[in-house]
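Please open the model in your viewer and keep the selection tool at hand, since each stop on this tour begins with something to select. Take the stops in order, and look around a little before moving on.

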Amino acid sequence: MCGIVGYIGKRPALPILVNGLKRLEYRGYDSSGVALLVDDDIWCRKCKGKIKELELEINDAQPNSNIGISHTRWATHGAPTTINAHPHLGCKKSIALVHNGIIENYSILREQLKGQGHVFTSETDTEVLVHLIEEFFTDDLPAAVRTALNLVEGTFGILVISPEAPNLIVAARRGSPLVIGLGEEETIVGSDGAAIVEHTRNVIYLEDDEMAIVDSHGAVVRTLADKKVLKAVEELPFDLAQIQKGGYDHYMLKEIFEQPDTMFDSMRGRLQVEDGSAILGGLTGYWERVRSSSRLVITGCGTSWHAGLIGEYLFENLARIPVEVEYASEFRYRDPIVDKNDTILAITQSGETLDTLAALREGRRKGALTLGLCNVVGSTIARETEAGIYLHAGPEIGVASTKAFTSQVIVLIQMALSLARMGPLSSESGRRIAQELAMLPEKSRSILKQNDHIKKIAEKFAKHNNALYLGRGYNYPVALEGALKMKEISYIHAEGYPAAEMKHGPIALIDEEMPVVFLAIKDSVYEKIVSNIEEVKARGGWIIAVVTEGDTRVKELANEIIEIPPVEQCLSPILTVLPLQLLAYHTAVLKGCHVDQPRNLAKSVTVE
Ligand code: G6P
């Protein structure tokens, strides 16, 4: 989604702002822009398309300025055009503003402001903010911003500059994150730490309804009700190397290949093999409440929701705790029956997904215990939950989630194992699962070594327009995830189904043109899935099967096989998903798609 960068300090602002935008490209965007204060005036360039178009628009200009704001826009209100791109300037050109989020009461405000003589040029909701601030601005910019923001409904992360207040940037947030980086005689503000980390790792996180008056020496933070707030300086939990491609062609490929390490990091210091359990510090003091919950409601979106589905199998099978998995967007609006006996577990890589946040708040309002499973340290959901566990997967830049998914499942297993060992699971069974879990990083390496083999399958796959992904039990969510990866980045229409459901519809689609990807490892549903493979074979489908090493039966039926090492059934999703990630990646590259920034998608969806 939209990205924000602001700079004030001793260096020329423009290159820092443009470079910062490049660091935020991964979030997904369709236009960009920058505004600087130059000689009592606002210098502004913006355009539709990628940052390289903005660079062409800037055309080697070197405006003399040490203060500015910049933005990547992911269109919500109004098409992705140059006029709709941010920054927006007021009619008097006395204010420039960038905004993430949505102003819900923009049409009423727009009419009022038009009535007061303001002239609107864009179709955006954002533009009302700049006119509103201009309306209240006499000589105190922070006061004008505060007054304006108290009139708006919706979500915002904004930066505002004015030639009439040339030594400060005003930043404010409600719902859209802002991080303030404190450098040496310079301050950099970003919608995430990726825009800041190459300058400093010392940061302040703004909370909702807080406003910062930022200058080159740092920031003074007050609430929108004008109360001073003392903020702690925290350290960004990653460095520059972690957000670079490290020799890979794409972030997604880098992140796929990082998984042996990120899997290990998600278990490091946690997994207790001998006890068949895990120490998850973030849940200390909450285990009894979780264990005695009448049910666990897991909520999330996209890939995180798929991890939640695997969690349902894990918590029910191992710990015998009833689980429901809910799309956050549905849960938040359907007046769910939740009470103090429930536990809500929000799963989210970014910790910023708006629907997941709203679902969590809904659960909390109704008295449930709220837990979070997040990757981004210090993210909104990580802060708002009562307790939680970090993934420790490192920054995930590729829009299609890969390493965060496997880490989510690893953390869910450790959580389920710990709960199970407090209840029905014997130490022997717990130890067996924990030993197997500890071996997954190594086993995953052997799967990743089949990269070239999978690329060859992708060469054939890329010629098709549709695909089916089928799995059962623990691997049904993996079928959903494999199909999601394929459609997200290759734009091939792919559907995931529980394999047996194929007979209730999708079977009508099967002919020689239909690739069908089966998750067919040796587990308790193996015989059943072999029958489903036979059914597809009988109708001429092109079968690609992920099988257990040494399997001969499926080998005879399938056109292509990808082998994975033998693995405990409940841990298998962590391995079976890997070939599907690679298959999607290579198919997309062969089709010439923009793997790391697929069209229309955003890494972190901070609007409804
Ligand atoms: C977007 C991303 C997906 C992600 C989903 C949920 O759609 O493109 O990769 O799975 O949001 O994001 P979250 O950060 O909450 O896990």
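Select aspartate 40, which counts as exposed because its relative accessibility is 72%; buried means under 20% relative accessible area, exposed over 50%, and partly exposed in between, worked out with a 1.4 Å probe on protein chains only. This is a predicted model, in which local features need pLDDT of at least 70 and side-chain atom pairs count only at pLDDT 80 or more, while totals for chains, interfaces and linings use all residues. Residues are numbered from 1 along each chain as its sequence is written, and side-chain values use heavy atoms, with hydrogens and water left out.

Aspartate 40 sits in the loop between β2 and β3, where helices (H or I, at least four residues) and strands (E, at least two) are DSSP runs numbered from the N terminus. Its phi is near 60°, a positive value in a residue other than glycine. Most residues other than glycine have a negative phi, and most peptide bonds are trans.

Two further stops concern the backbone. Histidine 392, in the loop between β22 (387-390) and α13, also has a positive phi, about 60°, although it is not a glycine, and it counts as partly exposed because its relative accessibility is 39%. Then select histidine 86 and proline 87, which are joined by a cis peptide bond with an omega of about 5°; proline 87 belongs to the loop between β4 and β5 (88-89).

Now select helix α2, residues 51-58, and colour Ile51, Leu54 and Ile58, which are buried. Why do they lie on the same side of α2? They cover an arc of only 50° around the axis, which puts them there, the arc being that of the directions from the helix axis to the C-beta atoms. An α-helix has 3.6 residues a turn, so residues three or four places apart point the same way. On the other side of α2 you will find Lys52 and Leu56, both exposed. Show α1 (13-23), β2 (31-38), β3 (41-48) and β4 (67-73) as well, since these are included in what covers the buried residues of α2. Asparagine 59 follows α2, and its phi is positive, near 50°.

Move next to strand β20, residues 342-348, where seven of the seven residues are buried, so that the strand is largely enclosed by the rest of the structure. Asp342, Ile344, Ala346 and Thr348 point one way from β20, whereas Thr343, Leu345 and Ile347 point the other way. Which strands pair with β20 in the parallel sense? One is β18 (residues 295-300), over five bridges, with arginine 295 opposite aspartate 342; another is β21 (residues 369-374), over six bridges, with isoleucine 344 opposite threonine 370. Two strands pair if DSSP finds at least two bridges between them.

With Leu345 still in view, add Phe315, Phe461 and Tyr469: these four have the most contacts inside the largest nonpolar core, which has 91 residues. Such a core is a set of buried Ala, Val, Leu, Ile, Met, Phe, Trp, Tyr and Cys residues joined through side-chain atoms within 4.5 Å. Helix α13 (residues 403-422) gives the most to this core, with 12 residues. A second, separate core of 32 residues includes Leu14, Val197, Phe238 and Tyr251.

From Tyr469, turn to strand β23 (residues 466-471), which runs parallel to β24 and is joined to it by six bridges; tyrosine 469 stands opposite glycine 496 in β24. These strands belong to an open sheet of five, in the order β24-β23-β25-β26-β27, with parallel pairing. At the edges stand β24 (493-498) and β27 (560-564), each with a single partner strand, so one side of each is left without a neighbour in the sheet.

Helix α15 (residues 451-461) lies across β23, β25 (515-520), β26 (542-548) and β27, running at about 150° to β27; axes are lines fitted to C-alpha atoms, for helices over the stretch in contact, and angles run from 0 to 180 degrees between N-to-C directions.

For the last stop, select glutamine 450 in the loop between α14 (427-448) and α15. Glutamine 450 touches Ile562 and Glu563, not counting residues up to four places away in sequence, where contact means heavy atoms within 4.5 Å. A polar atom of its side chain lies 2.6 Å from the backbone oxygen of glutamate 563.

Note on methods: A polar contact is a pair of N or O atoms within 3.5 Å; within protein, one must be able to donate a hydrogen and the other to accept it, and residues adjacent in sequence count only if both atoms are side-chain atoms.
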